[in-house]
Amino acid sequence: MSGTKSEIAFLARALKAPRIAARAEPLAKRAVEESWDHETYLAAVLAEEVSARDTHGGQHRVKAARFPQTKTLDDFDFSFQRSVKKATMAHLAQLDFLAEAKNVIFLGPPGTGKTHLSIALGVQAARRGYRVAFASAQDWVGRLAAAKKAGKLEEELERLRRVPLVIVDEVGYIPFDPDAAALFFALIASRYERASLIVSSNKTFSSWAEIFGDAVAVAALVDRLVHHAEVIVLQGDSYRLKDRTKEVMSTTEGV
Ligand code: ADP
Ligand code: MG
C-alpha cells in the first residue's frame with residue numbers, strides 16, 4: 001500500500017501535478033467511506049488538479065493584467081448606479097463579446113463606475129482563461145510611442161492583438177497631440193473585428209473631436225469602435241462624493 005502511495009507521489013511529480021499528490025490519499029479514504037466506484041474516484045482526483053490549475057492561472061492572469069485595483073460585479077451597487085442594469089452587466093460577464101471580438105464602451109462623468117465595471121469584466125475574463133491588459137489611454141499611447149521609436153510599432157500591435165481583451169481607461173482626461181492621436185487610432189484600427197476592447201471615457205463621443213483635434217479621423221475611429229459594441233452610458237452623481245456627502249452631512253448635523 002505504501003509502495004502504491006509513493007508511486008502515486010512519484011507519478012504526480014512527473015506530471016507536475018502537485019494537487020494530485022496531495023489529494024489522492026484523502027480522496028481514496030473518502031472513496032472507501034462513501035463506496036465510490038473507480039471512475040468517480042479518478043474524476044474527483046483529476047477535478048482537484050484542474051481546479052487548482054484554473055485558480056492558479058486565473059490569479060496569474062489577473063496579476064498580469066495590471067489592474068489598478070481588483071473590483072468585481074458583486075461589489076458594485078446597482079441601486080446607486082441605476083443607468084446600467086445588473087442584467088446587462090451579468091450578460092457581458094458571460095464574455096460572449098470576447099469570442100465575437102466586440103467592444104464595450106463606458107461613457108459618463110467621473111465617479112460613476114466606469115473603471116470599476118471595466119475592471120470587473122477584465123477580472124472575470126482573466127479568471128475564465130483570457131489574457132487581459134489594462135492601462136489608461138495615455139499609458140497605451142506611451143507604450144506605442146516607445147515601440148514606434150524602437151521601430152517596432154507593427155510588432156507591438158500584433159503582439160497586443162494576441163491579447164483577447166485590452167482595456168483602455170480614461171480616454172479624454174488628457175488631450176492628445178497629433179502623434180498620440182495617430183497611435184491611438186492605430187490601436188483601435190488594429191483590433192477592429194479581430195480582438196476586443198473595453199474603452200471608458202468621461203467625454204461624450206461628440207466631444208472626442210476636441211480631445212483628438214481631428215474631427216474626420218475621430219468620426220472614423222468612433223465608427224470602428226462602436227460598430228460592434230455595447231455602449232453603456234452612465235449617469236448620476238459620483239460614488240466617490242456619496243461618502244463625502246454623508247460625511248459633510250453628518251458633520252453639519254453635529255453642529
Ligand atoms: P469612474 O471611472 O467612472 O470615474 P470609478 O469606477 O473609478 O469611477 O469609481 C470611483 C470609486 O467608486 C471606485 O472606488 C469604485 O469602486 C466606486 N464605485 C463607483 N460606483 C460604484 C457603485 N455603483 N457601487 C460600488 N462602488 C462604486
Ligand atoms: Mg475611471
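Student: Let me start with V199: is this residue buried or exposed?

Tutor: Good place to begin! A word of caution before the answer: this is a predicted model. Burial is read from relative accessible area, and buried means under 20%. V199 has 0% relative accessibility, so it counts as buried. As for its setting, V199 sits in strand β4.

Student: Which residues does V199 touch, once residues up to four places away in sequence are not counted?

Tutor: Leaving those out shows which parts of the chain meet at a residue. V199 touches V104, I105, F106, V168, V171, W208 and L225. A contact list and a C-alpha distance are separate readings: the C-alpha atoms of V199 and H228 are separated by 13 Å, with the two positions 29 residues apart along the chain.

Student: V168 and W208 are in that list. Which residues touch the most other members of the largest nonpolar core?

Tutor: Those two are among them. The core has 33 residues, and V168, F184, W208 and F212 are the ones that touch the most other members. Helix α9, residues 178-191, gives the largest share of this core, with seven residues. Take F184 as a case: beyond four places in sequence, F184 touches A137, V141, V168, V171, F176, F212 and L221. Another core lies apart from the one around F184; this other core has 27 residues, including F78, A93, F97 and A126.

Student: F78 leads me to M89. What is M89 in contact with, leaving aside its neighbours within four places in sequence?

Tutor: M89 is in contact with L73, F78, V84, F106, L117, L121 and I232. The residue belongs to helix α4, which spans residues 86-92. Its relative accessible area is 0%, so M89 is buried. You can also compare positions through the backbone: M89 and A120 are 31 residues apart along the chain, and their C-alpha atoms are separated by 9.5 Å.

Student: Now the backbone angles. Which residue in the loop between α3 and α4 should I look at?

Tutor: Look at R66, which lies in that loop, with α3 covering 38-65. When you read phi, check both the sign and the residue type. R66 is not a glycine, yet its phi is positive, about 60 degrees. R66 has a relative accessible area of 63%, so this residue is exposed. If you want a distance to go with it, the C-alpha atoms of R66 and R159 are separated by 17 Å, and the two residues are 93 apart along the chain.

Student: Where does E193 lie?

Tutor: E193 lies in the loop between α9 and β4, the latter being 196-201. Its phi is positive too, near 60 degrees, and E193 is a residue other than glycine. With 45% relative accessibility, E193 counts as partly exposed.

Student: Which residues line the largest cavity?

Tutor: E193 turns up again here. The lining is made of A101, N103, R191, Y192, E193, A195, R224, L225 and H228. By class, four of these are nonpolar, two polar and three charged. The space inside is about 30 Å³, and the structure holds one cavity of 30 Å³ or more.

Student: And how much space lies in the largest pocket?

Tutor: A pocket is open, whereas a probe cannot get out of a cavity. The largest pocket holds about 410 Å³ of space. It is lined by 19 residues, and G111, G113, K114, H116 and R240 are the closest to its centre. The lining splits into six nonpolar, seven polar and six charged residues. Helices α6 (114-127) and α12 (239-254) each supply at least two lining residues, and α6 has the largest share, with four.

Student: Last one: what does the domain assignment of the chain give?

Tutor: Domain bounds split the chain into stretches that you can compare through their centres. Here the assignment gives domain 1, residues 3-56, and domain 2, residues 73-233. Their C-alpha centres lie 42 Å apart.

Technical notes
Residues numbered from 1 in each chain as written. Chains lettered and ligands numbered in written order. Predicted model: local features only at pLDDT ≥ 70, side-chain atom pairs only at ≥ 80, totals over all residues. Heavy atoms only, no water. 1 Å grid on protein atoms, 1.4 Å probe; cavity = no way out; pocket = protein on both sides within 12 Å on 5 of 7 lines; lining within 4 Å. Points joined across faces, edges and corners; volume = space filled by probe spheres on them. Nonpolar A, V, L, I, M, F, W, Y, C, P; charged D, E, K, R; others polar. Domains from an automatic or database assignment. Core = buried A, V, L, I, M, F, W, Y, C linked by side-chain atoms within 4.5 Å. Buried < 20%, exposed > 50% of the residue type's maximum accessible area, 1.4 Å probe, protein only. Contact = heavy atoms within 4.5 Å.
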